[in-house]
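This report introduces a protein structure to a reader who has not met it before. Please keep the sequence and the three-dimensional view at hand while reading.

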Amino acid sequence: MNDKELVAHQALQYVSENMIVGLGTGSTANYFIDALAKRNKEENLKIRAVSSSVVSMIKAKEAGLPIIAMEQIKEIDLYIDGADEIAPDLTLLKGRGYDLVREKLLARSAKKFIVIADESKLVKKIGDNFPIPSEVQPFAWELVKNILIKKGTGDIRINAAKDGYAITSCGNFVLDFNYPEKSTEELNALLSQTPGIVEHGIFYNIAHGALISSNGKVREIWKN
Ligand code: 5RP
């Protein structure tokens, strides 16, 4: 079992019968989806799952988890997702998978949000390893880029085929920017207050805890 799989399995201890569980997106979240589906079947836990992306919905359906739509829920019991970066105060950077709106909405609506990752995701400061993604309404992207360019450097995200812009499952574009001069708090406020940005990748004060794996061991970090 690799470290991502190990940490995904550890997260199962927070699952109990009849829960509505939010499913994240990415390779670590995929391990959790498989492990949850297996446990649900074996122990008849009657879990209902809600997905943070089309990709994780397909994955969950294939694994045999009962899926409910976001429109059917007011809150969820537990949200388990990976991250691209995790700062010491549990601020996260997310969004390589394009589905920021759904991911942050589920994270915010969860009674407990636990991030699962291997230790390569730990950083001193958000933005150390990756640019910060902002999901923007398509008509607004040039105007938003012009606002952000005064604060940092970056551009619109190109799709995997490199023949057009990347499009999120909400139909938006993504601007990936580095802002070396700005603190996480300043950036969170700036991006949250910029019109045209639907959502951004800084998850500030949202995670309740983190499970971090390293060389076959898992440690827990909890928010005070
Ligand atoms: C998707 C995310 C992912 O959780 C993040 O990219 C981590 O992915 P992985 O588990 O594959 O390393 O934020 O938007």
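The following paragraphs treat the ligand site, the first helices, and then several individual residues.

**The ligand and its surroundings**

The structure is a predicted model. The ligand occupies the space of the largest pocket. Which residues come nearest to the ligand? Of the 15 residues around it, these are Ser-27, Thr-28, Asp-84, Lys-94 and Lys-121. Polar side-chain atoms approach oxygen atoms of the ligand at several points, and the table lists three of these approaches.

| Residue | Distance from a polar side-chain atom to a ligand oxygen atom |
|---|---|
| Ser-27 | 2.5 Å |
| Lys-121 | 2.6 Å |
| Asp-81 | 3.5 Å |

Taken alone, the ligand would expose 370 Å², and the protein buries 90% of that area.

**Helix 1 and the segment before it**

Helix 1 covers residues 3-10, and its buried residues are Asp-3, Leu-6, Val-7 and Ala-8. An α-helix has 3.6 residues a turn, so residues three or four places apart point the same way. Against which elements do the buried residues of helix 1 pack? Their partners are helix 2 (27-43) and three strands, namely strand 6 (110-118), strand 12 (209-214) and strand 13 (217-222).

Asn-2 belongs to the segment before helix 1. Its relative accessible area is 35%, so Asn-2 is partly exposed. The side chain of Asn-2 takes part in polar contacts with two residues. At the start of helix 1, a side-chain oxygen of Asn-2 comes to within 3.0 Å of the backbone nitrogen of Lys-4. The side chain of Asn-2 also makes a polar contact with the side chain of Tyr-31, at 2.9 Å. Along the chain, Asn-2 and Asp-118 are 116 residues apart, while their C-alpha atoms are separated by 9.4 Å.

**Ala-29 in helix 2**

Ala-29 is located in helix 2. Is Ala-29 buried or exposed? With a relative accessible area of 2%, Ala-29 lies under the 20% limit and is therefore buried. Once residues up to four places away in sequence are set aside, Ala-29 touches Gly-24 and Asp-81. The latter residue has already appeared at the ligand, where a polar side-chain atom of Asp-81 lies 3.5 Å from an oxygen atom. In contrast to these contacts, Glu-186 stands 29 Å from Ala-29, C-alpha to C-alpha, and 157 residues from it in sequence.

**Ser-56 in helix 3**

Helix 3 spans residues 54-63 and includes Ser-56. Ser-56 has a relative accessible area of 1% and is buried. Leaving aside neighbours within four places in sequence, its contacts are Leu-23, Gly-24, Thr-25, Ile-33 and Ser-51. Gly-24 is thus a contact of Ser-56 and is also touched by Ala-29. The side chain of Ser-56 further reaches the backbone nitrogen of Ser-52, at a distance of 3.4 Å.

**Two loop residues with positive phi**

Asn-18 sits in the loop between helix 1 and strand 1 (20-23). Although Asn-18 is not a glycine, its phi is positive, at about 70°. With a relative accessible area of 47%, Asn-18 is partly exposed. Asn-44 lies in the loop between helix 2 and strand 2 (48-51). The phi of Asn-44 is likewise positive in a residue other than glycine, with a value near 50°.

**His-200 and Ala-161**

His-200 is part of strand 10, which comprises residues 197-200. Its relative accessibility is 2%, so His-200 counts as buried. What does His-200 touch, not counting residues up to four places away in sequence? Its contacts are Leu-100, Lys-104, Pro-133, Ser-134, Asn-188, Leu-191 and Ser-192. With Asn-188, the side chain of His-200 makes a polar contact, side chain to side chain, at 3.5 Å. Leu-100 is 100 residues away from His-200 along the chain, and the two C-alpha atoms are separated by 6.5 Å.

Ala-161 lies in the loop between strand 8 (153-156) and strand 9 (173-178). Its relative accessibility is 56%, so Ala-161 counts as exposed. Ala-161 and Ile-58 are 103 residues apart in sequence, and their C-alpha atoms are 21 Å apart in space.

Definitions and conventions:
Residues are numbered from 1 along each chain as its sequence is written. This is a predicted model: local features need pLDDT of at least 70, side-chain atom pairs count only at pLDDT 80 or more; totals for chains, interfaces and linings use all residues. Side-chain values use heavy atoms; hydrogens and water are left out. Helices (H or I, at least four residues) and strands (E, at least two) are DSSP runs, numbered from the N terminus. Buried means under 20% relative accessible area, exposed over 50%, partly exposed in between (1.4 Å probe, protein chains only). A polar contact is a pair of N or O atoms within 3.5 Å; within protein, one must be able to donate a hydrogen and the other to accept it, and residues adjacent in sequence count only if both atoms are side-chain atoms. Contact means heavy atoms within 4.5 Å. A residue is near a molecule or strand if one of its heavy atoms lies within 4 Å of it. Accessible areas come from the Shrake-Rupley method with a 1.4 Å probe; for residues, only the protein chains shown count as cover. On a 1 Å grid over the protein atoms alone, a cavity is a set of points where a 1.4 Å probe fits but cannot get out, and a pocket is an open set with protein on both sides within 12 Å along at least five of seven lines; lining residues have an atom within 4 Å of a point. A molecule sits in a cavity or pocket if more than half of its atoms lie within 2 Å of its grid points.
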